[in-house]
Amino acid sequence: MEFLKLYGKEIFSVVAALLTWTLNTYFKARVRLAYGELKNFTFLVPEPLRNPEGEVIRHQQLVHTRSVTLLNEGREVATKIKVIFNYQPRYLNIWPVRKFTEFKEADGRYIIEFESLAPKDSVMFEALSINGDLPDILAIRSKESIAREINLVHYRDFSPLVKRTLAFLLLLGFTSAVYLTLLLLQWLLVTAG
């Protein structure tokens, strides 16, 4: 108790500085790009692959597909987004349809560039290759940040009532934690005198 009386104001000032730093770091509006592979599948097509002379090279063909989603999870607009592939995919669809520029680097890297991506917006890249591998995405970056790779999973959607109940319980817990923190800080100030 004597320790709190002696150093209560200093403890309060350190806690206040940490709280301010946390709020500025984690709740500041900024660009947060993330991407992840939504699905990846290989179809075994029972159709023979023939050479120009008509001879069967392979009795079955492989069709590889990959779907990658890019998200702007932040609260600011991302600008000058570049998606860098290892090499150019044979077939590539982008959804929703948007204007982009594409170019190849001297080393064969294939780059797609978008002007912007709004907050909470997403873009999907659907790649397809027949009897060949699909290129990997090496990096995604914007003028403001570098995208981080995340795991995307399919999940069951809950009813609105369950979602609202969970949101209420989270809000109740958060406000209780803030209230208890303020009570603790008030107690520190009172005991420090």
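## A tour of salt bridges, sheet and surface patches

Begin by selecting Arg109 and Asp107, whose side chains form a salt bridge with an N to O distance of 3.7 Å. The model on display is a predicted one. Arg109 is partly exposed, at a relative accessible area of 28%, while Asp107 is exposed, at 53%.

This pair belongs to a wider set: the structure has 7 salt bridges. For another of them, select Asp157 and Lys163, where the side chains meet at 2.9 Å, N to O. Here Asp157 is exposed, with 51% relative accessibility, and Lys163 is partly exposed, with 44%.

Next, select Arg66 and Glu37. Their side chains are joined by a salt bridge of 3.4 Å, N to O. Arg66 belongs to strand β4 (residues 61-72) and Glu37 to strand β1, so this contact ties together parts that are 29 residues apart in sequence. Is Arg66 buried or exposed? Its relative accessibility is 15%, and Arg66 therefore counts as buried, the limit for that class being under 20%. Glu37, at 37%, counts as partly exposed. Add Asp136 to the selection to display a network of salt bridges linking Glu37, Arg66 and Asp136.

From these side chains, turn to the backbone and display the open sheet of 5 strands. Its order is β6-β9-β4-β1-β11, and the pairing is mixed. At the edges lie β6 (91-95) and β11 (148-149), each of which pairs on one side only. In general, the strands of a sheet pair through backbone hydrogen bonds, in either a parallel or an antiparallel sense. Which sense applies to β1 and β11? Strand β1 (residues 33-45) and β11 are parallel, and they pair over 2 bridges. To inspect this pairing, select Ala34 and Arg148, since Ala34 stands opposite Arg148 in β11.

Now switch to a surface representation and select Lys28, Arg30, Arg32, Arg75 and Lys120, which form a positive patch. Lys120 is located in the loop between β8 (110-117) and β9 (122-130). With a relative accessible area of 62%, Lys120 is exposed.

The final stop is a nonpolar surface patch. Select Phe158, Val162, Leu166, Phe168, Leu169 and Leu172, which together have about 560 Å² of accessible area. Where is Phe168 found? Phe168 is in helix α2 (residues 160-192). With a relative accessible area of 51%, Phe168 is exposed, as that class requires over 50%.

Technical notes:
Residues are numbered from 1 along each chain as its sequence is written. This is a predicted model: local features need pLDDT of at least 70, side-chain atom pairs count only at pLDDT 80 or more; totals for chains, interfaces and linings use all residues. Side-chain values use heavy atoms; hydrogens and water are left out. Patches are made of residues with over 30% relative accessible area and no salt bridge: like charges are joined within 9 Å, nonpolar side chains (Val, Leu, Ile, Met, Phe, Trp, Tyr) within 5 Å. Accessible areas come from the Shrake-Rupley method with a 1.4 Å probe; for residues, only the protein chains shown count as cover. A salt bridge is a side-chain nitrogen of Lys or Arg within 4 Å of a carboxyl oxygen of Asp or Glu. Lys and Arg count as positive and Asp and Glu as negative; His and the chain ends are not counted. The place of a charge is taken as NZ of Lys, CZ of Arg, CG of Asp or CD of Glu. Helices (H or I, at least four residues) and strands (E, at least two) are DSSP runs, numbered from the N terminus. Buried means under 20% relative accessible area, exposed over 50%, partly exposed in between (1.4 Å probe, protein chains only). Two strands pair if DSSP finds at least two bridges between them.
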